Structures are given as C-alpha cells and as structure tokens.
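Got a few minutes and a viewer open? Have a look at the chain below, then try the exercises before you peek at the solutions.

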Amino acid sequence: MQKIILSIVLSLISLVSVAQSMKVTSFYFDQMDLTPRRADTKVIDQNGETCALIRIQTTAKGFSFDVGMLGVTKTDDNKVGEVWMYVPRGVKYLTIRHPKYGTLNRYAFPVNIQEGCTYVMELATPGSGHDDADDDDGLTYFSLIVVPANAMVAVDGELKSLDADGSGGGKREGKWHFPFS
C-alpha cells in the first residue's frame with residue numbers, strides 16, 4: 001500500500017513540474033516585418049549595427065533572457081500578446097527563464113539571426129492555449145491514468161470515484177483531470 005501511495009505522489013510531482021513548463025511551438029523569419037529598421041523602433045548594438053528583433057508571442061510577463069556573450073541589447077514587455085527582444089546578429093541560442101514556468105535552456109535558433117531582421121517565436125506556457133495544463137477557469141489541474149478504471153483515489157484527503165459518469169473529475173483524452181489548490 002505504501003508503494004502505491006509513493007508512486008502516486010511521485011507521479012503527481014512529475015505532472016506538476018511538467019505543467020509548469022514552457023516550449024517553443026514555432027520560430028520563423030518574418031521577411032515582411034520591417035520594425036527593426038524603422039527609425040522609431042530601431043535599436044543599435046554595441047558594434048554599431050542594427051539589432052535583429054525577436055517577437056516572442058506570449059501573454060505571460062516576467063521573463064529573463066540570455067543569448068550568451070553577445071548579450072540581449074533591449075527587451076520590451078509592454079506589447080500586447082508579445083515581448084520584443086533585440087539581439088545582435090549572429091546569436092545562436094536563447095535561454096528563457098521565468099519564476100513560475102521554469103527555464104527553457106539553450107533553445108537553438110533554426111535559422112541564422114541577421115542584422116535588422118524580424119523573427120517570430122511562438123512560446124507556449126501553461127494557460128496560453130497551447131498547453132492544457134491550465135484550464136480557462138483559473139484552476140490548476142493534474143491528470144491521473146488509473147488502472148483499474150473503477151479504482152478509488154484520494155484527492156485532498158477525499159476519496160474520488162473514477163467511474164464512467166465522470167464524478168470526481170472530468171475525463172478528457174483518457175485522463176482524469178482534478179483541480180487542486
């Protein structure tokens with residue numbers, strides 16, 4: 001019995017840590033966006049060259065960025081639905097840190113970052129619509145796959161039935177989802 005409880009607890013810990021992650025869902029060169037070349041949005045790096053602009057599409061705020069020795073020249077998180085990050089040409093990777101979502105370590109850019117060009121990064125975080133770890137109701141959920149399917153599971157000290165009618169949680173994609181606080 002103790003082994004079963006221990007395995008459930010360890011599974012829940014791993015699910016919570018996965019739920020607090022972020023990932024890049026796409027990264028591409030936007031040849032039509034001339035923002036980094038316009039006078040009002042142009043940023044010059046330490047070598048006197050026009051920075052590249054990486055538009056990180058996310059609704060979350062509070063990120064810190066690291067691109068190695070070349071350094072991030074400027075960030076602007078006052079944009080709606082995205083963070084603008086200006087970097088020198090030639091950066092190869094990006095590390096993103098967030099106090100809630102953790103660290104995305106050394107994401108390697110799939111294209112060469114060029115001077116004065118715009119790149120778009122779509123960043124999925126829990127609750128952003130790209131990840132089902134959070135639902136729109138503002139609660140955080142964890143998932144259980146239980147064998148046998150008619151087993152009883154204790155959640156917050158209460159026994160929950162995992163029967164076919166969904167009592168105790170909502171069944172989606174073969175997993176049982178329970179809110180927790």
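What follows is a set of exercises on a predicted model, each with a worked solution.

**Exercise 1. The five-stranded sheet**

Work out the order of the strands in the sheet of five, and find the strands at the edges.

*Solution.*
Step 1: Follow the sheet across and you read E1-E8-E2-E5-E4. The sheet is open, and its pairing is mixed.
Step 2: Look at the two ends of that order. E1 and strand E4 (74-79) each have a single partner strand, so one side of each has no neighbour in the sheet.
Step 3: Check the twist, which averages 20° from one strand to the next.
Step 4: Zoom in on one pair. E4 runs antiparallel to strand E5 (residues 82-87), and four bridges link them. Take Lys-74 as an example: its bridge partner in E5 is Tyr-86.

**Exercise 2. The three-stranded sheet**

Now do the job again for the sheet of three strands: which strands stand at the edges?

*Solution.*
Step 1: The order here is E3-E6-E7, in an open sheet with antiparallel pairing.
Step 2: Strand E3 (64-66) and strand E7 (102-108) are the edge strands; each has just a single partner strand, so one side of each stays without a neighbour in the sheet.
Step 3: On average, neighbouring strands in this sheet are turned by 15° against each other, direction ignored.
Step 4: Strand E6 (residues 93-98) pairs with E7 through five bridges, in the antiparallel sense.
Step 5: While you're in E7, stop at Arg-106. Arg-106 isn't a glycine, yet its phi is positive, at about 50°.

**Exercise 3. A close look at His-98**

Is His-98 buried or exposed, and which residues does it touch?

*Solution.*
Step 1: Find His-98 in strand E6. Its bridge partner in E7 is Gly-102.
Step 2: Compare its accessibility with the cut-off: buried means under 20%. His-98 has 12% relative accessibility, so it counts as buried.
Step 3: Look for polar atoms around its side chain. A polar atom there lies 3.0 Å from the backbone nitrogen of Lys-100. The backbone nitrogen of Tyr-101 is 3.3 Å from a polar atom of the His-98 side chain.
Step 4: Leave out residues up to four places away in sequence, and His-98 touches Met-22, Lys-61, Gly-62 and Phe-63.

**Exercise 4. Salt bridges**

How many salt bridges does the whole structure hold, and what does the one between Arg-55 and Asp-33 tie together?

*Solution.*
Step 1: The search turns up five.
Step 2: In the pair of Arg-55 and Asp-33, the closest N and O atoms are 2.4 Å apart. Arg-55 sits in strand E2 (residues 52-57), while Asp-33 is in the loop between strand E1 (23-29) and E2, so the pair links parts that are 22 residues apart in sequence.
Step 3: Check burial. Arg-55 counts as buried at 17% relative accessibility, and Asp-33 is buried too, at 12%.
Step 4: Try the bridge between Arg-38 and Asp-40, with 3.2 Å from N to O. Here Arg-38 is partly exposed, at 40%, and Asp-40 counts as exposed, at 63%.
Step 5: Lys-79 and Asp-76 also meet in a salt bridge, at 3.6 Å from N to O. Lys-79 is partly exposed, with 28%, whereas Asp-76 is buried, with 18%.
Step 6: Look for shared partners. They join Asp-33, Arg-55 and Glu-82 into one network of salt bridges.

**Exercise 5. The nonpolar cores**

Which residues of the largest nonpolar core touch the most other members?

*Solution.*
Step 1: Start from a broad rule: nonpolar side chains in soluble globular proteins tend to be buried together.
Step 2: The largest core has 24 residues, and Ile-54, Ile-96, Phe-109 and Met-121 touch the most other members.
Step 3: See where the members come from. E2, E5, E6, E7 and strand E8 (118-124) each supply at least two residues.
Step 4: Centre the view on Ile-96. Setting aside neighbours within four places in sequence, its contacts include Met-22, Phe-63, Phe-65, Leu-104, Met-121 and Leu-123.
Step 5: Finally, look for another core, apart from the largest one. This one has five residues, among them Cys-51, Leu-53, Trp-84 and Tyr-86.

Notes
Residues numbered from 1 in each chain as written. Predicted model: local features only at pLDDT ≥ 70, side-chain atom pairs only at ≥ 80, totals over all residues. Heavy atoms only, no water. Pairing = 2+ DSSP bridges. Axes fitted to C-alpha atoms, helices over the stretch in contact; angles between N-to-C directions. Salt bridge = Lys/Arg side-chain N within 4 Å of Asp/Glu carboxyl O. Buried < 20%, exposed > 50% of the residue type's maximum accessible area, 1.4 Å probe, protein only. Polar contact = N/O pair within 3.5 Å; in protein donor to acceptor, adjacent residues only side chain to side chain. Contact = heavy atoms within 4.5 Å. Core = buried A, V, L, I, M, F, W, Y, C linked by side-chain atoms within 4.5 Å.
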